[in-house]
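Trainee: I should like to take a close look at a single part of this protein. May I put one request to you once the structure is before us?

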Amino acid sequence: MNTTTVKISRCLLPIICLILLIGCENSVKSTYKFKRDGNPLVKHLFTADPSARVFNDRLYVYTSHDEDTATYFNMQDWHVFSTKNLNEWTDHGPIFSLNDIAWADKWAWAPDAIERNGKYYFYYPVERAKIGVAVSDSPTGPFVDKLGKPLIDNTDQVHEIGPEPIDPGLLIHDNQAYMYFGCRELRVVKLKDNMMEIDGGIMNIQIKGAENDKESEGRGWYGEGPWVFERDGKFYFTYSNGWGKESSIVYAIGDNPLGPFEYVGRVMDPVNSWTYHGSITEFQGKWYVFYHDQTLSQNGFRRSVCFDEITFDDEGKIIPLKIDYYEKQE
Ligand code: FUB
């Protein structure tokens, strides 16, 4: 090294240290611990669209993040919350954001995540038209968009992919991964083992009897937010049936991840928000429904994640969760 190089290095050293320090500060600040105090679960920021997953005996809830002053769903990033006992929670901060995606600029909506072969795959809809996938070695990230392009993109393919391919919901059964998605029109694809490529075509799902469900304000039987889970050999297909005051999260049951499913009814009472989006998972021997409401803000663009235990009857039907929001407000 000559004298000039040494001088430059000496000048740069404090700057490099400062940058590293700021980086550490940020990652420390973005982790926030809190205790559950009833519903909503998350009170320090607005969160929505919870997808609850259990990885290595710990529960993780992946959410979208409504802005504090939102007047539309202009969300920028996604959070994950985790717990080992449902009482003590950690907000792991923004685990992925629009800044991490080269091909999307807006609308960081309802995500999901799943583990396969020791890797964690984070699926996210953006721009009401595309779904991407990012990968990490940890459920809390950092996630990286290794694909570098959308996994699903309805540009010039609205007929096949649907008018609004949002809300990815994942299922792995018998070593086959499925991704359900869509608003107003429901679709499903199989994924290859690498979890970043579609295997085969875009498929529809049949839910027998759902056509009689009239809660979607004239926009068909299906709203958004598909979520599929398995219990005692049956597949439960849950989704929002619309945006009306009497809409809610409803479900159907089938013998196969691709259906057909038989419509059953409500998972829970309507919440006090005009979007209904949730997930159901088993944790430490009990079942829970995660959903969002607008109790904290009274504003449907500033929502809050909640959860409650649910139970099943002897036939495997969900005993619908009672909430009575409207009674509470009187
Ligand atoms: O959070 C934005 C959108 O609102 C979601 O993608 C929908 O499911 C609805 O909750």
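In which sense do strand S3 (residues 58-66) and strand S4 (residues 77-83) pair, and over how many bridges? Please go on from that pair to the sheet around it, and then to the other places that deserve attention.

Mentor: Please bear in mind that this is a predicted model. Strands S3 and S4 pair in the antiparallel sense, over 6 bridges. One of the residues involved is Leu-59, whose bridge partner in S4 is Thr-83.

This pair belongs to an open sheet of 5 strands, in which the order is S1-S5-S4-S3-S2 and the pairing is antiparallel. The edges are taken by strand S1 (32-35) and strand S2 (46-55); each has a single partner strand, so one side of each is left without a neighbour in the sheet. On average, neighbouring strands of this sheet are turned by 30 degrees against each other, with direction ignored.

Let us follow the sheet from S3 towards the edge formed by S2. S2 and S3 pair over 8 bridges, in the antiparallel sense. Here Leu-59 appears again, as the bridge partner in S3 of Val-54. Leu-59 thus has a bridge partner on either hand: Val-54 in S2 and Thr-83 in S4. The connection between S2 and S3 is a hairpin with 2 residues between the strands, and Asn-56 in the turn has a positive phi of about 50 degrees. Although S2 is an edge strand, S2 is mostly covered, with 9 of its 10 residues buried.

In the other direction, S4 is joined to S5. These two strands pair in the antiparallel sense over 6 bridges, and Asp-77 stands opposite Ser-97 in S5. They too form a hairpin, here with 4 residues between the strands; Leu-86 in the turn has a positive phi of about 70 degrees. Strand S5 (residues 88-97) has 7 of its 10 residues buried, so S5 is largely enclosed by the rest of the structure. Beyond S5 comes S1, and S1 and S5 pair in the antiparallel sense over 4 bridges. Within that pairing, Lys-33 has Thr-90 in S5 as its bridge partner. As a general point on reading such an element, the side chains of a regular strand alternate between the two faces of the sheet.

The ligand site comes next. The residues surrounding the ligand are Asp-49, Met-75, Trp-109, Ala-110, Ile-166, Asp-167, Glu-224, Thr-275, His-277, His-292 and Arg-303. By class, this shell has 4 nonpolar, 3 polar and 4 charged residues. The sheet and the ligand meet at Asp-49, which lies within the range of strand S2 (46-55) and is among the residues around the ligand. An N or O atom in the side chain of Asp-49 is 2.5 Å from an oxygen atom of the ligand. For the side chain of His-277, the corresponding distance to a ligand oxygen atom is 2.7 Å. A polar side-chain atom of Arg-303 also lies 2.7 Å from an oxygen atom of the ligand. On its own the ligand has 280 Å² of accessible area, of which the protein covers 99%.

Finally, consider a single loop residue. Ser-247 has its place in the loop between strand S16 (234-240) and strand S17 (249-254). Ser-247 is buried, with a relative accessible area of 0%. The side chain of Ser-247 reaches two backbone nitrogens: that of Gly-244 at 2.7 Å and that of Trp-243 at 3.3 Å.

Note on methods: Residues are numbered from 1 along each chain as its sequence is written. This is a predicted model: local features need pLDDT of at least 70, side-chain atom pairs count only at pLDDT 80 or more; totals for chains, interfaces and linings use all residues. Side-chain values use heavy atoms; hydrogens and water are left out. Two strands pair if DSSP finds at least two bridges between them. Axes are lines fitted to C-alpha atoms, for helices over the stretch in contact, and angles run from 0 to 180 degrees between N-to-C directions. A residue is near a molecule or strand if one of its heavy atoms lies within 4 Å of it. A polar contact is a pair of N or O atoms within 3.5 Å; within protein, one must be able to donate a hydrogen and the other to accept it, and residues adjacent in sequence count only if both atoms are side-chain atoms. Accessible areas come from the Shrake-Rupley method with a 1.4 Å probe; for residues, only the protein chains shown count as cover. Ala, Val, Leu, Ile, Met, Phe, Trp, Tyr, Cys and Pro count as nonpolar, Asp, Glu, Lys and Arg as charged, and the others, Gly among them, as polar. Buried means under 20% relative accessible area, exposed over 50%, partly exposed in between (1.4 Å probe, protein chains only).
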